[in-house]
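Colleague: Could you walk me through reading a model like this, one feature at a time?

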Amino acid sequence: FSSVYYDGVIRPQDASTGTLSGLVSITAACAVITVWQAAAAAFIGGLLSCVVALLLEAACVDDPVSAVAVHGVGGLWGLVVVGLFNMGADYGPQAGPKELHGLFPGGSWEQLGVQVYGGLAMVAWTTACTFVLVKALDHTMGCRVPLKIELEGLDKKEHGICANPTQFLHAQRQRARRRWARQLQRLGLRQLASAAGGERHA
């Protein structure tokens, strides 16, 4: 996906998103599908998650670890996979009732309908509960931080660390300069200490 969309550039985040979503996609059906069906389902799930992650990024939705794309999209697709490929009670130790085969092995829409209905019910329940919870938090504690803290990153405010590599390297350089300045001051080299620490000494 990355190599096609980004002109030959393979992004690590797309590779990890696709791999994880592929694993999520076959979790529900792993006991009732064949290896090749699992491979096809995982491949489709990985593509779907990468596309959704790209759409969320374009819509400026903050999902830095692609949790929605991996577990949301991959999980819902995994439910559909059961309805499409379920081999029935004659395949696998944990298979369901014999009359409920998937659409492709048995030609029945019943299992697929059950899976889609269950997925939609979970989406509706989760959306409603999340909306109520977030609204309650917004009216009590508040859901957003000041703009300054948001731009700096909560990792610095809440944990005292810099997750941004650029900020981290800058902070490391500043600490090293201050350390050298203290060493030079102890040696009596005040001008060098001033240059190293970036400070002016009277």
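Colleague: Let me start with a single residue: is S25 buried or exposed?

Modeller: Buried means under 20% relative accessible area, exposed over 50%, and partly exposed in between (1.4 Å probe, protein chains only). S25 has a relative accessible area of 0%, so it counts as buried. Before we go on, this is a predicted model, in which local features need pLDDT of at least 70, side-chain atom pairs count only at pLDDT 80 or more, and totals for chains, interfaces and linings use all residues. Residues are numbered from 1 along each chain as its sequence is written, and side-chain values use heavy atoms, with hydrogens and water left out.

Colleague: Where does S25 lie, and which residues is it in contact with beyond its neighbours within four places in sequence?

Modeller: Contact means heavy atoms within 4.5 Å. Helices (H or I, at least four residues) and strands (E, at least two) are DSSP runs, numbered from the N terminus. S25 sits in helix α2. With neighbours up to four places away set aside, S25 is in contact with A41, A42, G45, G74, W77, G78 and V81.

Colleague: What is the overall layout of helices and strands?

Modeller: The chain has 10 helices and 0 strands, so to speak a run of α-α-α-α-α-α-α-α-α-α along the sequence. Of its 202 residues, 27% count as buried. Among contacts between residues at least 6 apart in sequence, 47% join residues at least 24 apart.

Colleague: How do I read a helix pair, and at what angle do α2 and α4 cross?

Modeller: Axes are lines fitted to C-alpha atoms, for helices over the stretch in contact, and angles run from 0 to 180 degrees between N-to-C directions. For α2 (residues 12-25) and α4, the axes come within 7 Å and cross at roughly 35°. As for handedness, a crossing is left-handed if the near helix is turned anticlockwise from the far one by less than a right angle, and right-handed if clockwise. The crossing of α2 and α4 is right-handed.

Colleague: Which residues meet there?

Modeller: From α2 come T17, L20, S21, V24 and S25, and from α4 come A69, V70, H71, G74, G75, W77, G78 and V81. By class, that contact has 6 nonpolar, 7 polar and no charged residues. In this scheme Ala, Val, Leu, Ile, Met, Phe, Trp, Tyr, Cys and Pro count as nonpolar, Asp, Glu, Lys and Arg as charged, and the others, Gly among them, as polar.

Colleague: And how do α3 and α4 cross?

Modeller: The axes of α3 and α4 come within 9 Å and cross at roughly 145°, and this crossing is right-handed. Q37, A41, I44, G45, L48, S49, V52, A53 and L56 of α3 meet V68, A69, V73, W77, V81 and F85 of α4. The class count for this contact is 12 nonpolar, 3 polar and no charged residues.

Colleague: Is L56 buried or exposed?

Modeller: L56, in helix α3, counts as buried because its relative accessibility is 19%. Apart from residues up to four places away, L56 touches V61, D63 and V68. The C-alpha atoms of L56 and A69 are 8.6 Å apart, with their positions 13 residues apart along the chain.

Colleague: What stands out about S66 in the loop between α3 and α4?

Modeller: S66 has a positive phi of about 55° although it is not a glycine. S66 has a relative accessible area of 11%, so it is buried.

Colleague: Which residues make up the largest nonpolar core?

Modeller: A nonpolar core is a set of buried Ala, Val, Leu, Ile, Met, Phe, Trp, Tyr and Cys residues joined through side-chain atoms within 4.5 Å. The largest one has 12 residues: A29, V32, I33, A38, A41, W77, V81, V82, L84, F85, L103 and L112. The elements giving two or more residues to this core are α3 (35-58) and α4 (67-85), and α4 gives the most, with 5.

Colleague: What do V81 and V82 touch?

Modeller: Beyond four places in sequence, V81 touches S25, A29, I33, A41 and N86. On the same terms, V82 touches A28, A29, G102, Q111 and Q115. V82 lies in helix α4 and is buried, because its relative accessible area is 9%.

Colleague: How many disulfides are there?

Modeller: A disulfide is a pair of cysteine sulfur atoms within 2.5 Å, and the structure holds 0. C30 counts as exposed because its relative accessibility is 54%, whereas C50, at 5%, counts as buried.
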